[in-house]
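Biologist: I would like to go through this model feature by feature. Please give the general idea each time, then the case at hand.

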Amino acid sequence: VEQAARTWTQVDPQSADAHFELGQALYRRERFADAIVVFRRAENLKPSRGDIRSEHGLALAAAGELDKAEAKQRDAIDRQPDYAAAWFRLGDVIFRRDIRRAREAADAIEKAVELERGNVVANLYLFRVARLAQVADDDPLRARGEEAWKSVVRLHGRTQVAAALGGAAVA
């Protein structure tokens, strides 16, 4: 895939799509620094695309540049407010930067869930944020997490959830 995308960028160096595909291929190969450079080129070619900026933010996060990754996800949302993946990634990077920002992270992840009700991963992360934040049992964030967990179970049922958790279903 990388070679095909690289060839595409050579044939059509002004194609944001070609650079976007190459950036994704490099990201999948865990060549984050290279992906960041290529995503930056794609952004320059097509500044309006939120998906390019969000993928750029994903590569920045993978490279450990969480402050830049958060800014990039916010930039993606400014350009494409209904892009659920950017909302989810924003929540993830906020939480990774500072667990004390759990409520802000949960708000972003809830926006992703609102935009894509069937997004099991976003619901799981919302549950995870609520649990790892170590808030009191009566804290509203805990309730939000529990509701997210119920959504996961409703969406995929007990047997699939057990498999996702790596074992047999337990109480």
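Modeller: Start with the cut-off for helix pairs: an angle over 145 degrees between the N-to-C directions counts as roughly antiparallel, and one under 35 degrees as roughly parallel. Keep in mind that this is a predicted model.

Biologist: How are helix 6 and helix 7 oriented to each other, roughly parallel or roughly antiparallel?

Modeller: Helix 6 and helix 7 (residues 102-115) pack at an angle of about 165 degrees, their axes being 8 Å apart. The two are therefore roughly antiparallel. Their crossing is left-handed. On the helix 6 side the contact includes Ala-84, Trp-87, Phe-88 and Gly-91, and on the helix 7 side it includes Ala-102, Ala-105, Ala-108 and Ala-112.

Biologist: What angle do helix 6 and helix 8 make?

Modeller: Helix 6 (residues 84-97) packs against helix 8 (residues 120-132) at about 20 degrees, with 11 Å between the axes. That angle is under the cut-off of 35 degrees, so helix 6 and helix 8 are roughly parallel. Here too the handedness can be read off: helix 6 and helix 8 cross in a left-handed way. Helix 6 contributes Phe-88, Asp-92 and Phe-95 to the contact, while helix 8 contributes Val-121, Ala-122, Tyr-125, Arg-128, Val-129 and Leu-132. Phe-88, Asp-92 and Phe-95 are also among the helix 6 residues that meet helix 7.

Biologist: And how do the axes of helix 4 and helix 5 lie?

Modeller: The axes of helix 4 and helix 5 (residues 66-79) come within 8 Å and cross at roughly 170 degrees. That makes the pair roughly antiparallel. Helix 4 passes helix 5 in a left-handed crossing. Among the helix 4 residues in this contact are Gly-50, Ser-54, Gly-57 and Ala-61, and among those of helix 5 are Ala-69, Gln-73 and Ala-76.

Biologist: Take one residue from that contact. Is Ser-54 buried or exposed?

Modeller: The test for buried is a relative accessible area under 20%. Ser-54 has 0%, so it is buried. Ser-54 sits in helix 4 (residues 50-62). The side chain of Ser-54 makes a polar contact with the side chain of Gln-73, at 2.7 Å. Leaving aside residues up to four places away in sequence, Ser-54 touches Gln-73, Ala-76, Tyr-83, Ala-85, Ala-86 and Arg-89.

Biologist: Which residues does Gly-50 touch?

Modeller: With the same kind of exclusion, up to four places away in sequence, Gly-50 touches Ala-76, Arg-79, Gln-80 and Tyr-83. Gly-50 is also found in helix 4, and is buried, with a relative accessible area of 0%. As for distances, Gly-50 and Ala-102 are 52 residues apart in sequence and 24 Å apart in space, C-alpha to C-alpha.

Biologist: How do I read the faces of a single helix?

Modeller: An α-helix has 3.6 residues a turn, so residues three or four places apart point the same way. In helix 1 (residues 2-11) the buried residues are Glu-2, Ala-5 and Thr-9. Seen down the helix axis, these fall within an arc of 70 degrees, so they line one face of helix 1. The face turned away from that buried side carries the exposed residues Gln-3, Ala-4, Gln-10 and Val-11. Helix 2 (16-28) is included in what covers the buried residues of helix 1.

Biologist: What should I look for in the backbone of the loops?

Modeller: Most residues other than glycine have a negative phi. Glu-30 has a positive phi of about 60 degrees although it is not a glycine. Glu-30 lies in the loop between helix 2 and helix 3 (32-45), and at 59% relative accessibility it counts as exposed. Gln-134 also has a positive phi, near 50 degrees. Gln-134 belongs to the loop between helix 8 and helix 9 (140-164) and is exposed, with a relative accessible area of 69%.

Biologist: How many helices and strands does the protein have?

Modeller: The protein has nine helices and zero strands. Its C-alpha trace spans about 55 × 30 × 25 Å along the principal axes. Of the 171 residues, 46% are buried. Among contacts between residues at least 6 apart in sequence, 46% join residues at least 24 apart.

Conventions:
Residues are numbered from 1 along each chain as its sequence is written. This is a predicted model: local features need pLDDT of at least 70, side-chain atom pairs count only at pLDDT 80 or more; totals for chains, interfaces and linings use all residues. Side-chain values use heavy atoms; hydrogens and water are left out. Buried means under 20% relative accessible area, exposed over 50%, partly exposed in between (1.4 Å probe, protein chains only). A polar contact is a pair of N or O atoms within 3.5 Å; within protein, one must be able to donate a hydrogen and the other to accept it, and residues adjacent in sequence count only if both atoms are side-chain atoms. Contact means heavy atoms within 4.5 Å. The arc is that of the directions from the helix axis to the C-beta atoms. Axes are lines fitted to C-alpha atoms, for helices over the stretch in contact, and angles run from 0 to 180 degrees between N-to-C directions. Angles under 35 degrees count as roughly parallel, over 145 as roughly antiparallel, 65 to 115 as roughly perpendicular and the rest as oblique. A crossing is left-handed if the near helix is turned anticlockwise from the far one by less than a right angle, and right-handed if clockwise.
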